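Thanks for coming, everyone. Please have a look at the structure before I start talking.

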Amino acid sequence: MKNITTKDGQSADLIGENIAHMKQLFPDAFSENGLDFDVLRQLLGDASVLDEGEEKYGLNWHGKKKARQIALTPSMGTLLPCPEESVDWDTTQNLFIEGDNLEVLKLLQKSYANKVKLIYIDPPYNTGNDFVYSDDYKDSLEHYLISTGQKKRDGSKVSSSQDSAGRRHTKWLSMMFPRLILAKNLLSQDGMVLVSIDDNEYSQLKRLCDDVFGEENFRNSLIVRRRVKSLNVQFAEEGLHSLNVGFEYVLVYSKNKDLLLNPLRFKKKEVPTKGSWNVFWSGADRPTMRYEILGFTPETGQWRWSKEKADEAIRNYQTYLEGFSNKMSLEEYWKQNGEKLKFIRKIEDGKGKNGGVQYWIGPSETTLRTSNWTDIEVSQIRKDFDLPFENPKNVSLIETLVDLHIDKDALVLDFFAGSGTTADAVMRLNARDGGKRACISVQLPEPTPEKSEAKKAGFLSISEISKARIKLAGRRLNSSEVGFNGDTGFKVFKLAESNIRAWNPDRTDLEETLLSHQEHLIEGRTEQDLLYELLLKRGVDLAVPIETREVAGKTIYSIGAGVLFACLDPSLNTDEIEPVAEGILAWQKELDPEADTHVFFRDSAFHDDNVAKTNMVAILEQNGITHVRSL
Ligand SMILES: C[S@@+](CC[C@H](N)C(=O)[O-])C[C@H]1O[C@@H](n2cnc3c(N)ncnc32)[C@H](O)[C@@H]1O
């Protein structure tokens, strides 16, 4: 029987474990000083903390609590499907969503929570008036509809980025904070987030990301080369105020600290012809890796490889010495054997901790990427990009960034999509390595400036440019030259007010209010509009295949192989109840779904005929479908 040691007798560190769990769930409630109970209360839905004085420590700015509240306030919007603007609507897994990313991220919370593996964003750098957002946390959808001309203003001022420089960081942080909180919820456990930024907001963004994702999940600040347009040559003699900025950053965070990045390699400028011998001992301290090698066992540190691998490398070198060293160099022998063999030797005068044991590194054409990415330029050069968009990111840069995630089937999200570079990069990378990554792009239909090149070319908004670019990129990849036959489609959705009218009584005319709420679905919306709102509310992926069947002249939709059925026709008469119910039952039997079936109807389709409604429910219930709901 094993004896109980003093250590065994200690109780588990329950408090430590609890704190670790809390930290994982709510990293932004922790700072260097420990847990902030006010923040935790707010994250758990207690909005009263908003009135209880200012924040005390950590990264703080006026309005931080409000900004967090924005993330917690549900959206009143929906995403309307636009098959006519899409490519390969029925089959594609890619989405292009037109709208304010704050609202869109809220709407995606149910369907995409823990599903996105890589988020890349290139937010406005806050160089002046370069961002459009809402700081009205009570109704940011309303703001969106007004600022995109979908609703009339009531005369009140619409918030914009124009403000005195003093509030610039504050406003930028308040814009970014709720979006990052919402984005984090969408990340899978092996997810990562990459954010482009320059000197203007680098320090704010670093601290904000530490807050949102947890400092322990910070991976790297990559530096990427910026093309310097006008060197300060003419002023150089008088001395320079500051040097031209030659690079910008990409901040890399993971959702969890266990995530392993893809070890990317790149081609060396000069390929060495000779290999090199290096010390086989390392200072890292693993006692199990301190075994005997060529008569020496280290007392501290460790060997680099397992004993098995090291023994094989010793044998390889002996074979070379005995049979080949008089005929060829070690490099030639290594090449002849497919550049795979490892070698270990012991030099005679080996002393100290490493006993003179060395391992050989072959002459490689490539080298491991570090955080210095100045071999890649940050922006796409104009001649390679034929659409009127200022400074799109270099597609090769984004391709390499996406490649940092090991999963070749990763779902990627860019919610500051701009011209759609990330969607393009995802398709290119798939074409290169056979991956099946999909991309969700979100872009505001920001009007293009009057007299701009984009306007002259007929693009009324930036999202029009993005869609045109993604289409073009897909066509290029499909062209015979590249011959890619992967997914180059995308489903377009547009942010709009929910199909379900909000209960908003006009107290001066209650009768009219009541009458207008008899039909609580917004007029003019299609069955597909309702269907996709239903999917969002039920947490179903928007790229899910949807099957349809006509029964008694009504369209029935089946989603998830019979887990969800919907008949959203505006009218179901008494004589149509039975055939529709029978049609659904027959289809459900054929599909034989693994989970419970849910069926949805449009409430007003029953024309206030409670008997018809009860009949529909009764027929379905008698046959085992108990989840029947109306919208
Ligand atoms: C710096 S650009 C991104 C450029 C992009 N990486 C490319 O390569 O084309 C930022 C984009 O975010 C968009 N944007 C700004 N605020 C937004 C918001 N609230 N929702 C969605 N998009 C927004 C802007 O219209 C702009 O196109």
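**Overall picture**

Let me begin with burial. The protein chain has 631 residues, and 47% of them are buried. Keep in mind that this is a predicted model.

On to secondary structure. The chain comes to 18 helices and 24 strands. What about contacts along the sequence? Take those between residues at least 6 apart: 73% of them join residues at least 24 apart. As for surface, the chain exposes about 33,100 Å². Carbon and sulfur atoms supply 50% of that area.

**The second largest pocket**

Next, a pocket. The second largest one holds about 640 Å³ of space. Its lining counts 27 residues. Which of them are closest to the centre? They are Gln24, Leu25, Phe26, Pro27 and Lys184.

Now the helices around this pocket. Four of them each supply at least two lining residues: H2 (14–25), H4 (64–72), H7 (168–186) and H8 (202–213). Which helix gives the most? That is H2, with five residues. By chemistry, the lining of the second largest pocket splits into 11 nonpolar, nine polar and seven charged residues.

**Residues on helices H8 and H5**

Stay with helix H8 for a moment. Asp211 lies in H8. Is Asp211 buried or exposed? Its relative accessible area is 10%, under the 20% cut-off, so Asp211 counts as buried. Leaving aside residues up to four places away in sequence, Asp211 touches Pro27, Asp28 and Lys64. You have already met Pro27: it is among the residues closest to the centre of the second largest pocket.

Tyr202 is also found in H8. With the same sequence neighbours left out, up to four places away, Tyr202 touches Ile197, Ser221, Tyr249 and Leu251. Look at Tyr125 too. Tyr202 and Tyr125 are 77 residues apart along the chain, and their C-alpha atoms are separated by 8.9 Å.

Over to helix H5, residues 101–112, where Lys106 is found. Lys106 is buried, because its relative accessible area of 11% falls under 20%. What does Lys106 touch, not counting residues up to four places away in sequence? The answer is Ile70, Ala71, Thr73, Pro74, Ser75, Ser140 and Leu182. Take Ser75 from that list. Ser75 and Lys106 are 31 residues apart in sequence, yet 6.1 Å apart in space, C-alpha to C-alpha.

**Two covered strands**

Now strands. Start with S6, residues 187–197. S6 is mostly covered, with nine of its 11 residues buried. Which way does strand S5 (residues 116–121) run against S6, parallel or antiparallel? Parallel, with five bridges joining the two. Within that pairing, Ile119 has Val193 in S6 as its bridge partner.

S6 also pairs with strand S8, residues 247–254. Here the sense is antiparallel, over six bridges. Val193 turns up again, standing opposite Tyr253 in S8.

The other strand to look at is S14, residues 357–361. Why do we call S14 largely enclosed by the rest of the structure? Because four of its five residues are buried.

S14 has an antiparallel pairing with strand S10, residues 276–279, over four bridges. In S14, Trp360 stands opposite Trp277. Strand S13, residues 344–346, runs antiparallel to S14 as well, joined by three bridges. There, Arg345 stands opposite Gln358 in S14.

**Two backbone outliers**

Last topic: backbone angles. Most residues other than glycine have a negative phi. Two residues here go the other way.

Leu294 has a positive phi of about 45 degrees, although it is not a glycine. Where does Leu294 sit? Its place is in the loop between strand S11 (281–282) and strand S12 (302–303). Leu294 has 35% relative accessibility, so it counts as partly exposed.

Then there is Ala561. Its phi is positive too, about 45 degrees, and again this is not a glycine. Ala561 is placed in the loop between strand S21 (554–559) and strand S22 (564–567). At 44% relative accessibility, Ala561 is partly exposed.

That is my tour. Over to you.

Terms used
Residues numbered from 1 in each chain as written. Predicted model: local features only at pLDDT ≥ 70, side-chain atom pairs only at ≥ 80, totals over all residues. Heavy atoms only, no water. Buried < 20%, exposed > 50% of the residue type's maximum accessible area, 1.4 Å probe, protein only. Contact = heavy atoms within 4.5 Å. Areas by Shrake-Rupley, 256 points an atom, 1.4 Å probe, with all protein chains shown as cover. 1 Å grid on protein atoms, 1.4 Å probe; cavity = no way out; pocket = protein on both sides within 12 Å on 5 of 7 lines; lining within 4 Å. Points joined across faces, edges and corners; volume = space filled by probe spheres on them. Nonpolar A, V, L, I, M, F, W, Y, C, P; charged D, E, K, R; others polar. Pairing = 2+ DSSP bridges.
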